[in-house]
Amino acid sequence: GLQVGLLVPLQEQISSEGGKFGVFSKPPICAAVSPYETDNSRLAAAARDLADKGAEILMTDCMGFVEHHRDTARAATGLPVILSSALIAKLVSEVV
């Protein structure tokens, strides 16, 4: 499987959130950056760091990450980016 780079909002979530992705063939590489910062430069830097560490796809793990965050991370890395909020919305739309 692809190496996932996971963006979480808080540094302390790096150790606690990894377990819920145990079904992945490789543990995710994580970086912390808040989606509530108004300057996206830290987000771009965190995404580039994940790509430099081998991430092949990025995923956000906070509902606060929205489309402009996806666009920033994609522009910074060229990698596909999955928003958790968009993923949940798509899943719900399949049920209702």
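**Entry 1: I82**

I began with I82 and found it partly exposed, at a relative accessible area of 33%. The scale I used calls a residue buried under 20% relative accessible area, exposed over 50%, and partly exposed in between (1.4 Å probe, protein chains only). I82 lies in strand β4, residues 81–82. For strands I took DSSP runs of E with at least two residues, and for helices runs of H or I with at least four, both numbered from the N terminus.

A note on the model: it is predicted, so I kept local features to pLDDT of at least 70 and side-chain atom pairs to pLDDT 80 or more, while totals for chains, interfaces and linings use all residues. Residues are numbered from 1 along each chain as its sequence is written, and side-chain values use heavy atoms, leaving out hydrogens and water.

**Entry 2: the surface patch**

Next I asked which residues join I82 in a nonpolar patch on the surface. They are M63, L87, I88, L91, V92, V95 and V96, and with I82 they have about 770 Å² of accessible area together. Helix α4 (residues 84–95) gives the largest share, five residues.

My patch rule takes residues with over 30% relative accessible area and no salt bridge, joining like charges within 9 Å and nonpolar side chains (Val, Leu, Ile, Met, Phe, Trp, Tyr) within 5 Å. A salt bridge here is a side-chain nitrogen of Lys or Arg within 4 Å of a carboxyl oxygen of Asp or Glu. Areas are Shrake-Rupley values with a 1.4 Å probe, and for residues only the protein chains shown count as cover.

**Entry 3: the sheet**

I then followed β4 into the sheet, which is open, with four strands in the order β2-β1-β3-β4 and parallel pairing. β2 (29–32) and β4 are the edge strands, each pairing on one side only. I counted two strands as paired if DSSP finds at least two bridges between them.

Two bridges join β3 (residues 57–60) to β4, and M59 stands opposite I82. Helix α2 (residues 41–52) packs on the sheet, touching β1 (4–8), β2 and β3 (contact means heavy atoms within 4.5 Å), and its direction makes about 155° with that of β1. That angle is on a 0 to 180 degrees scale between N-to-C directions, with axes fitted to C-alpha atoms, for helices over the stretch in contact.

β3 pairs with β1 in the parallel sense over four bridges, and G5 stands opposite L58. Are the residues of β3 buried or exposed? I57 and M59 on one side and L58 and T60 on the other are all buried.

**Entry 4: Q3**

Last, I checked Q3, in the segment before β1. Q3 is buried, at 12%. Its contacts include K26, P28, A55 and I57.

Technical notes. Lists of a residue's contacts leave out its neighbours within four places in sequence.
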